[in-house]
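Trainee: I would like to take a close look at the helical part of this model, and at the residues that sit inside it. Could you walk me through it in one connected account?

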Amino acid sequence: MLFSSITFLYAFLPLTLLAYFLAPRGWRNGVLLLASLIFYFFGEPVYVALLLLSSVSDFVWSLLIARRQAAGRSARGFLIASLAVNLGLLGFFKYADFFLGTLNALLGTELPLTGVPLPIGISFFTFQTMSYTIDVYRGRARVQRNFATFAAFVCLFPQLIAGPIVRYTDVEAELADRRSTLEGVSSGLRRFVFGLGKKVLIANGLGELCAAFRASQDPSVLFCWVYALAFLLQIYFDFSGYSDMAIGLGRVFGFRFPENFDYPYLSRSITEFWRRWHMTLGGWFRDYVYIPLGGNRVSRRRWVRNLAAVWLLTGLWHGASWNFVLWGALFGVLLAAEKLWLGARLEKWPRALQHGYVLLLVLFSFVLFNADGLTGAAADLGGMLGLTGLPGLSGDALYYLRSYGVLLLLAMAAALPCWRRWGLRLSRRRAAVALEPLAAAAVLLACTASLVDGSFNPFLYFRF
């Protein structure tokens, strides 16, 4: 089920809110668990069992770890078993066919592929359950002995299938005792609606432009650049819009989920970009991979190895394809270059040049990210650079630039933080008490009209 669907907005969400707020406080985790399982069932009816299996597995392993440690004995074996189950499930469902296909290509074999469809959100909920078990092992989280409460954390529908990656320690206290206030509910709903606007009114339109490029029989260098810009903006508004909706819904139910984006396109280095983009994923890899390997408090050779490991895994986390591996490797090289020698020079550049450097590299990286394998990446990047014999201009490019030019300009403007600053200033005025709800209602109305009339509505990060 999509947040940006009529079914969710006008049936599932109102009924869930009604059941949640009518239920006694002690039953509310159960209500959320049931609602979350129904939510996931709408999209993946078969894989509800997989979601529950993942919950049961880490619940049991964490209890065994806590019991072993309480007896003063090593629980390392139980931790390894937990990680093996999680990574085994993730590896089978997400990477088995990728590795089998690679072996067939390299060795000339004909190993049969599994053909198993990818469960929605498996990368997100697997990372959440792994972080819980690791934190219990490290003594950073108290073991949860109520399965319904733990399963509610794993399955929590606002962030279940596309993040942000919420760790157990982020919501541990709120799972035990939380209160939904009128201010929290209203601010959460407003954030949800504005996130919905990002998705439906901006990202969906940009997605239509990207789809038009893919369908074009007459691409050109200009059209390749228009597509690259459109996807750069689409992926930001699609993913940050989902994160806003998830954080807003969490606030409605009394949770405070971590932020996931902080205007990344304002960055002045690639290092800063990755502190602002998908922050919960970056924090996860930092705390559970990079630092345990030694971080940067090791020799230069080992530091390069640590960085390479993190970015190989980051690329693979996003998808089972070689273009994702190359995408991760690209950022690993750029981050290493900034750390070793480019960073000091970059600080001396004019600010506009710093921003241009980041935007250009990120633009090319997302073209690689969204390509259909390495062959598709070569075609898309070659088209942008005029290396594939494409014309400089085409009728399609000019037509779609005229049709979507206003949307592109609005999207670029909306990616700036000035709107947030103006909103904060306005909120201090008495008139804003009425204006903000009216603005949210107008956005909801526009989104509803668009959803009733439109057809392009997938979330990009559902495939991860």
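Mentor: What follows goes from a pair of helices to single buried side chains, and then to the cysteines.

Please keep in mind throughout that this is a predicted model. A good place to begin is the pairing of helix α5, which spans residues 122–138, with helix α11, which spans residues 279–290: their axes come within 12 Å and cross at roughly 35 degrees, and the crossing is left-handed. On the α5 side the contact is made by Phe127, Met130, Ser131, Ile134, Asp135 and Arg138, and on the α11 side by Leu281, Trp284, Phe285, Asp287 and Tyr288. Sorted by character, the residues of this contact comprise 7 nonpolar, 1 polar and 3 charged.

From there we can turn to helix α12, residues 300–318, where asparagine 306 has its place. Asparagine 306 counts as buried because its relative accessibility is 0%, a value that falls under the 20% cut-off. Leaving aside residues up to four places away in sequence, asparagine 306 touches Tyr290, Leu293, Gly294, Gly295 and Val298. With one of these, leucine 293, there is also a polar approach, in which the side chain of asparagine 306 reaches the backbone oxygen at 3.4 Å.

Histidine 318 lies in helix α12 as well, and with a relative accessible area of 0% histidine 318 is likewise buried. Its side chain has a polar atom that lies 2.8 Å from the backbone oxygen of threonine 314. In each of these two cases, then, a buried side chain has a backbone oxygen as its polar partner, that of leucine 293 for asparagine 306 and that of threonine 314 for histidine 318.

The cysteines are the last thing to examine. A disulfide is a covalent bond between the sulfur atoms of two cysteines, and in this model the count comes to 0 disulfides. For cysteine 224, the closest cysteine sulfur belongs to cysteine 210 and is 12 Å away, which is too far for a bond, because a disulfide requires the two sulfur atoms to be within 2.5 Å. Cysteine 447 is in no disulfide either, since the nearest cysteine sulfur, again that of cysteine 210, is 19 Å away. As for their surroundings, cysteine 224 is buried, with a relative accessible area of 3%, and cysteine 447 is buried too, with a value of 0%.

Methods
Residues are numbered from 1 along each chain as its sequence is written. This is a predicted model: local features need pLDDT of at least 70, side-chain atom pairs count only at pLDDT 80 or more; totals for chains, interfaces and linings use all residues. Side-chain values use heavy atoms; hydrogens and water are left out. Axes are lines fitted to C-alpha atoms, for helices over the stretch in contact, and angles run from 0 to 180 degrees between N-to-C directions. Helices (H or I, at least four residues) and strands (E, at least two) are DSSP runs, numbered from the N terminus. A crossing is left-handed if the near helix is turned anticlockwise from the far one by less than a right angle, and right-handed if clockwise. Contact means heavy atoms within 4.5 Å. Ala, Val, Leu, Ile, Met, Phe, Trp, Tyr, Cys and Pro count as nonpolar, Asp, Glu, Lys and Arg as charged, and the others, Gly among them, as polar. Buried means under 20% relative accessible area, exposed over 50%, partly exposed in between (1.4 Å probe, protein chains only). A polar contact is a pair of N or O atoms within 3.5 Å; within protein, one must be able to donate a hydrogen and the other to accept it, and residues adjacent in sequence count only if both atoms are side-chain atoms.
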